[in-house]
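Please open the structure in a viewer and keep the sequence at hand. The tour below proceeds by selection, with a short account of what is found at each stop.

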Amino acid sequence: MRNPALVRVPGPLSPFRDGFAGWLETACYSRQVRALHLRLMADFSLWLEERGEANAGLSTPLLAEFVTSRRAAGCRTGLSMRALGS
């Protein structure tokens with residue numbers, strides 16, 4: 001999916017989806033890259049929800065654990081802390 005408007009973000013991060021999408025557009029990210037970042041946000045939101053971390057504050061150890069779980073699951077994107085900060 002290359003259209004960011006079609007990417008849904010369920011879970012605890014859903015209230016932040018539109019603001020993040022707007023920021024990505026304002027920062028002149030391409031449509032494909034915006035969609036990629038929104039899919040990563042959706043994956044992270046679902047991961048938080050599945051772990052019962054919906055109300056947890058974001059921390060470096062939590063993000064590192066998410067990245068590790070993505071690697072273990074065989075994901076091909078969002079595999080570094082740098083990818084989460086872009």
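The stops that follow cover aromatic pairs, a pocket and a loop residue.

**The model**

Please bear in mind throughout that this is a predicted model.

**Stop 1: Phe 20 and Trp 23**

Begin with the aromatic side chains, among which five pairs are counted. Select Phe 20 and Trp 23: the ring centres are 6.4 Å apart and the planes meet at 5 degrees, so this pair is stacked. An angle under 30 degrees is what the stacked class requires. Both residues belong to helix α1, which spans residues 17-26. Within α1, Phe 20 and Trp 23 are three residues apart, about one turn of the helix.

Now colour the two residues by accessibility. Phe 20 has a relative accessible area of 24% and is therefore partly exposed. Trp 23 is also partly exposed, because its relative accessible area is 46%.

**Stop 2: Phe 44 and Trp 47**

Move next to Phe 44 and Trp 47, whose ring centres lie 6.0 Å apart with planes at 20 degrees, so that this pair too is stacked. Phe 44 and Trp 47 are three residues apart in helix α2, and their separation is therefore about one helical turn. Are these two residues buried or exposed? Phe 44 and Trp 47 are both buried.

**Stop 3: the aromatic cluster**

Return to Phe 20 and Trp 23 and add Tyr 29 to the selection. Together, Phe 20, Trp 23 and Tyr 29 make up one aromatic cluster.

**Stop 4: the largest pocket**

Display the pocket surface and centre the view on the largest pocket, which holds about 310 Å³ of space. Which residues lie nearest the centre of this pocket? They are Leu 13, Phe 20, Met 41, Phe 44 and Leu 84, out of 11 residues that line the pocket. Phe 20 and Phe 44, already visited in the stacked pairs, thus reappear here in the lining.

Colouring the lining by element shows that α2 supplies its largest share, namely four residues. Colouring by class gives nine nonpolar and two polar residues, with no charged residue in the lining.

**Stop 5: Asn 55**

Finally, select Asn 55, in the loop that joins α2 (31-51) to α3 (60-72). Asn 55 counts as exposed because its relative accessibility is 81%, and the threshold for that class is over 50%. Draw a distance from the C-alpha atom of Asn 55 to that of Leu 13: the separation is 10.0 Å, although the two residues are 42 residues apart along the chain. Leu 13 is one of the residues nearest the centre of the largest pocket.

Methods
Residues are numbered from 1 along each chain as its sequence is written. This is a predicted model: local features need pLDDT of at least 70, side-chain atom pairs count only at pLDDT 80 or more; totals for chains, interfaces and linings use all residues. Side-chain values use heavy atoms; hydrogens and water are left out. Helices (H or I, at least four residues) and strands (E, at least two) are DSSP runs, numbered from the N terminus. Buried means under 20% relative accessible area, exposed over 50%, partly exposed in between (1.4 Å probe, protein chains only). Rings of Phe, Tyr and Trp (its six-membered ring) pair if their centres lie within 6.5 Å; planes under 30 degrees apart count as stacked, over 60 as edge-to-face and the rest as tilted. On a 1 Å grid over the protein atoms alone, a cavity is a set of points where a 1.4 Å probe fits but cannot get out, and a pocket is an open set with protein on both sides within 12 Å along at least five of seven lines; lining residues have an atom within 4 Å of a point. Grid points are joined across faces, edges and corners, and a volume is the space filled by probe spheres set on the points. Ala, Val, Leu, Ile, Met, Phe, Trp, Tyr, Cys and Pro count as nonpolar, Asp, Glu, Lys and Arg as charged, and the others, Gly among them, as polar.
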